[in-house]
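Student: Could you take me through a close look at a single helix, and at what lies around it?

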Amino acid sequence: MTALDALIPFAQTGRIGAARVGAQLKDVIAALGEPWAHGASIGADGLPYLYAYGSLEIATCQAHCQVIESIAIQTDLPTMEWPTREPGRAATFPGYPTYGDVLRTLAQAGCRWEEYEPLSLEGQCAIRVPASDVILVFEDADEFQLCNASVAQHRPHTCG
Ligand SMILES: [Zn+2]
């Protein structure tokens, strides 16, 4: 498995298996087991609202319903960790996919993208996949490398 194997289906669909915006964290836990890490901050119901399975990060609403509000793949590490079908067991592969490799693979997959100006700043550039609303942010090192790919719901759901 490579970073692109994780990335391209996410870019196309905006979801990673059970992890999709609007689903509940418990649906992901049912598929992948307990998250491997969580954020230190807690929401109104005393629960963390940031969870991670290695390089897969999930943010939920800050209440007991734990509806998923955003999903990100962090690719800015030399070695990425990724959940497998076997709960708790990680696959590992190199991070930092290059701009050229990402765009070539998106094209091979027939996945259309456009420039995303709000996050195209000095030293970084961003693209958006209209079909899924996934945004990919690249940083300029020796060449442009992918930092992360993410999707978020535009209107936070109202709990309760
Ligand atoms: Zn909620």
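Tutor: What follows stays with helix α2 and the sheet beside it. This is a predicted model, in which local features need pLDDT of at least 70 and side-chain atom pairs count only at pLDDT 80 or more, whereas totals for chains, interfaces and linings use all residues. Residues are numbered from 1 along each chain as its sequence is written.

Helix α2 covers residues 25-32 (helices being DSSP runs of H or I with at least four residues, strands runs of E with at least two, both numbered from the N terminus), and within α2 the residues L25, V28 and L32 are buried. Buried here means that 20 or more other C-beta atoms, placed from the backbone, lie within 10 Å of a residue's own, while exposed means 12 or fewer and partly exposed lies in between. Seen down the axis of α2, the buried residues fall within an arc of 60 degrees (taken from the directions from the helix axis to the C-beta atoms), so they line one face of the helix. The face turned away from that buried side carries the exposed residues K26 and A30, and α2 is followed by G33, whose phi is positive, near 85 degrees.

The buried residues of α2 pack against β2 (50-53), β3 (56-60), β4 (68-74) and β5 (79-83), with contact requiring C-beta atoms, placed from the backbone, within 7 Å. The open sheet has 8 strands in the order β1-β2-β3-β4-β10-β9-β8-β7, with antiparallel pairing, where two strands pair if DSSP finds at least two bridges between them. At its edges stand β1 (37-38) and β7 (114-115), each with a single partner strand, so one side of each is left without a neighbour in the sheet. On this sheet α2 packs by touching β2, β3 and β4, and its direction makes about 150 degrees with that of β3, as given by lines fitted to C-alpha atoms, for helices over the stretch in contact, with angles running from 0 to 180 degrees between N-to-C directions.

Terms used: Contact = placed C-beta atoms within 7 Å.
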